[in-house]
Amino acid sequence: MPAKSSTIVTALTTAAVVVVGFLGYQAAASAPDSLTPARKDGHSASKSHSDRPGKKAGTSAPVPVPAASGKGRRVVYSLGGKRIWLVDAKGGALRTFTVTPSTVHPPLGTYTVGSRSVSVTGSDGIAIEHVVRFTTVDAVTIGFSAAVDGSRPDPGSSKRTGGIRESREDGKAMWDFALQGAKVVVVA
């Protein structure tokens, strides 16, 4: 009889694992690509600052890739414009969007992506994702990232941070575009 009860326990355990696996699959298949917490007013907490490639939000005038930003496939970051362009090998903007600058700014110049992290906690204590780092200034690492909660840092903060914040949607586009060793050009 002991052999029969162990068979029953094994069968029930196997069935439970199959059911949990199936429910997990259903949950994963029906979840959206990016999860954004809802605000109390019922709207999404994340607001994309993305523009259609080459277009400025609310106008029909294109936002051109800065002329002095080099050639080839690259990320262009304008400090004064608070804007990023993801530029293809032919010099065309695949995507452009606004960002919230860090409190520590990288010097003008050309860099390469040195490291990336899917998700970490930022120097401001906020959970961030799609982190693309390209330089260090006075022991502060500079890179692009998106806050998981969709928040943007206070630009008037006295805390020394290197995170150039983008929306989650733009962060995903940056992550897919700016692989290890990709060129980053910082312009005025």
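What is the volume of the largest pocket? I looked that up before anything else, and found about 240 Å³. I keep in mind that this is a predicted model.

**Entry: around the pocket**

I asked next what lines this pocket. There are 19 lining residues, and S123, I128, T141, G162 and G163 are the closest to the centre. I then sorted the lining by type: seven residues are nonpolar, nine are polar and three are charged.

Which elements give two or more residues to the lining? I noted four strands: β6 (115–121), β7 (127–137), β8 (140–147) and β9 (163–166). Strand β8 has the largest share, with six residues.

**Entry: a closer look at G163**

I picked G163 from the residues closest to the pocket centre. G163 belongs to strand β9. Is G163 buried or exposed? Its relative accessible area is 19%, and the cut-off for buried is under 20%, so G163 counts as buried.

I also listed its contacts, skipping neighbours within four places in sequence: T100, P101, S102, G143 and S145. For one more pair I checked a distance. G163 and F144 are 19 residues apart along the chain, and their C-alpha atoms are separated by 5.8 Å.

**Entry: the whole protein**

Time to step back. I counted two helices and 10 strands. Walking from the N terminus, I read the order as α-β-β-β-β-β-β-β-β-β-α-β.

How many residues does the protein have, and what share is buried? I found 188 residues, of which 34% count as buried. The exposed area of the protein is about 10700 Å², and carbon and sulfur atoms supply 61% of that area.

I was curious about contacts across the sequence too. Taking contacts between residues at least 6 apart in sequence, I saw that 53% join residues at least 24 apart.

**Entry: the nonpolar cores**

The largest nonpolar core has 24 residues. Which of them touch the most other members? My list reads V75, I84, L86, F134, F144 and M174. The elements giving two or more residues to this core are β2 (74–78), β3 (83–87), β7, β8, α2 (168–177) and β10 (183–187). Helix α2 gives the most, four residues.

I followed I84 a little further. Leaving out neighbours within four places in sequence, I found I84 in contact with V75, V76, Y77, R95, T96, F97, V99, F144, E166 and M174.

There is also a second, separate core of seven residues, with V63, V65, W85 and V87 among them.

**Entry: helix α2 and H130**

Since α2 came up in the core, I checked how covered this helix is. Seven of its 10 residues are buried, which makes α2 mostly covered. I wrote down the buried ones: R168, D170, G171, A173, M174, W175 and F177.

My last stop was H130, which sits in strand β7. I read a relative accessibility of 13% for H130, so this residue counts as buried. What does H130 contact, apart from neighbours within four places in sequence? The list is S117, V118, F144, S145, E166, G171, K172 and W175. I spotted G171 and W175 in it, and both are on my list of buried α2 residues.

Terms used. Residues are numbered from 1 along each chain as its sequence is written. This is a predicted model: local features need pLDDT of at least 70, side-chain atom pairs count only at pLDDT 80 or more; totals for chains, interfaces and linings use all residues. Side-chain values use heavy atoms; hydrogens and water are left out. Buried means under 20% relative accessible area, exposed over 50%, partly exposed in between (1.4 Å probe, protein chains only). Contact means heavy atoms within 4.5 Å. Accessible areas come from the Shrake-Rupley method with a 1.4 Å probe; for residues, only the protein chains shown count as cover. On a 1 Å grid over the protein atoms alone, a cavity is a set of points where a 1.4 Å probe fits but cannot get out, and a pocket is an open set with protein on both sides within 12 Å along at least five of seven lines; lining residues have an atom within 4 Å of a point. Grid points are joined across faces, edges and corners, and a volume is the space filled by probe spheres set on the points. Ala, Val, Leu, Ile, Met, Phe, Trp, Tyr, Cys and Pro count as nonpolar, Asp, Glu, Lys and Arg as charged, and the others, Gly among them, as polar. A nonpolar core is a set of buried Ala, Val, Leu, Ile, Met, Phe, Trp, Tyr and Cys residues joined through side-chain atoms within 4.5 Å.
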